Amino acid sequence: MTTVDLPLLPLGRGKDLSAERGVECPGDLPPASDPHLVARAEAAKAKLGSKVFVLGHHYQRDEVIQFADVTGDSFKLARDAAGRPDAEYIVFCGVHFMAESADILTSPDQKVILPDLAAGCSMADMARLAQVEDAWDALVDAGVADQVVPITYMNSSADIKAFCGKHDGAVCTSSNADVALEWAFAQKGPGAKVLFFPDQHLGRNTAVLKLGMSLDDCVVWNPLLPHGGLTDEQLRDAKMILWKGHCSVHGRFSADVVDDLRATIPGVKVLVHPECAHEVVLKADLVGSTEFIIKTIEAAEPGTSWAIGTELNLVQRLAKNHPDKQITFLDKTVCYCSTMNRIDLPHLVWALESLVDGTVVNRIEVDPETERWAKVALQRMLDLPGKSSRD
Ligand code: SF4
């Protein structure tokens with residue numbers, strides 16, 4: 001029997017602090033069975049007062065969200081953090097790339113803390129800087145790099161954002177990806193191309209459904225294959241060069257479940273995130289960002305039925321908060337985002353109590369050079385016309 005050495009680093013093992021991958025997170029954590037965890041978190045937060053600002057991503061567990069001063073998507077939270085320059089400590093209940101973005105957008109004096117360093121993002125991990133640089137070299141060799149604008153989704157590591165900043169590209173979110181693509185194509189005129197990472201689905205869905213391209217205009221660069229698995233001719237012919245990355249949660253929703261639900265729930269409306277596969281998005285009634293999903297449900301008429309394709313913690317919270325609407329999770333086999341769920345109450349208590357004791361644990365710091373170029377790419381996104389910059 002032959003074995004294959006897969007380039008995977010299981011969460012919680014090994015150290016790779018420069019990436020989104022999971023790392024050891026040693027700490028004197030309180031046991032999850034401690035009945036006083038809620039009281040301990042409340043007491044620590046009260047002692048820290050306005051010195052601490054706790055951010056909670058929509059996909060976090062309820063036990064953590066209850067301590068968030070603000071909730072939101074990754075970009076909103078980073079901006080919220082920037083809006084609190086008086087807060088010495090920003091405790092980011094989300095994943096690693098989000099804490100990096102908060103560090104980039106806050107002042108050097110503010111300390112951004114991720115309660116569990118193993119809370120990475122598998123999608124962000126799928127585009128590593130060395131791989132992206134290899135892809136760019138291949139585009140140079142193919143004679144097309146001058147026509148290519150790199151666009152990265154917000155869900156990427158800081159060094160990938162910096163790469164885009166250095167190469168005349170930008171960051172986008174799932175709600176402004178269409179505007180970002182239009183901007184990118186306008187930069188280079190006829191023959192322009194976009195190298196889009198890390199989420200192939202967001203790139204494809206936006207190019208085809210919002211910009212009217214065909215699937216044939218898109219090719220997929222597989223960083224695990226020589227030359228991305230593409231010929232120079234394919235690179236020259238493509239308009240969209242999609243990175244072979246995906247969200248391990250949204251990528252699991254399947255189109256046949258949409259058919260099954262429509263057969264069993266009369267009048268159900270299917271609402272999905274654009275990180276879902278193209279065939280799922282094609283079958284949905286509505287497609288949009290996390291904030292779009294929340295606003296759509298808030299505005300829906302009582303008595304309406306919805307099947308939602310996004311992270312389970314958010315869908316469960318929407319169902320709880322809107323008992324007058326029938327809200328169903330789109331797929332029985334899709335589970336929570338495992339890395340988001342690394343942040344739990346014991347880790348939050350540990351992080352807050354450490355701060356009370358004067359110890360900053362799990363600080364996320366982006367080096368100044370990376371921060372400078374990542375800010376350039378983020379600023380280009382902020383300068384895009386029209387839409388709000390939410391993911
Ligand atoms: S839901 Fe998907 S994109 Fe978001 S943190 Fe989890 S793996 Fe990453």
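**Group meeting: domains, ligand shell and two covered elements**

Good morning. The centres of domain 1 and domain 3, taken over C-alpha atoms, are separated by 29 Å. The contact between them draws six residues from domain 1 and seven residues from domain 3. On the side of domain 1 that touches domain 3, the classes are one nonpolar, two polar and three charged residues. I should say at once that this is a predicted model.

For orientation, the protein is divided into domain 1, covering 37-120 + 339-366, domain 2, covering 124-248, and domain 3, covering 250-329.

Let me turn to the ligand. Where does the ligand lie with respect to domain 1 and domain 2? Both of these domains give residues to the shell around the ligand, so the ligand lies between them. There are 13 residues around the ligand, and those that come nearest are C121, M123, C247, V249 and C337. Sorted by class, this shell holds eight nonpolar, four polar and one charged residues.

Next, I would like to consider strand β3, residues 89-93. Four of the five residues of β3 are buried, and the strand is thus mostly covered. Which strands does β3 pair with? One partner is β1, residues 52-57, which runs parallel to β3 and is joined to it by five bridges. Within that pairing, F92 of β3 stands opposite L55. Another partner is β4, residues 111-113, also parallel to β3 and joined to it by three bridges. Here I90 stands opposite V112 in β4. Between β3 and β4 we should also note helix α4, residues 96-105: β3, α4 and β4 together make a β-α-β unit, and this unit is right-handed.

My last element is helix α7, residues 158-166. Is this helix mostly covered or mostly open? The helix is mostly covered, with eight of its nine residues buried. The buried residues of α7 are A158, D159, I160, K161, A162, F163, C164 and G165. What covers these buried residues? The cover includes helices and strands: α4, which we met in the β-α-β unit, is part of it, as are α6 (129-141) and α16 (368-382). From the strands, β5 (148-153), β6 (170-172) and β7 (193-197) are included. Just after α7, D168 adopts a positive phi of about 65 degrees.

To close, I return to the ligand, which lies between domain 1 and domain 2, with C121, M123, C247, V249 and C337 nearest among the residues around it. Thank you.

Methods. Residues numbered from 1 in each chain as written. Predicted model: local features only at pLDDT ≥ 70, side-chain atom pairs only at ≥ 80, totals over all residues. Near = placed C-beta within 6 Å. Nonpolar A, V, L, I, M, F, W, Y, C, P; charged D, E, K, R; others polar. Domains from an automatic or database assignment. Buried ≥ 20, exposed ≤ 12 C-beta atoms within 10 Å, placed from the backbone. Helix = DSSP H or I, 4+ residues; strand = E, 2+ residues; numbered from the N terminus. Pairing = 2+ DSSP bridges. Right-handed = clockwise from strand over helix to strand, strands pointing away.
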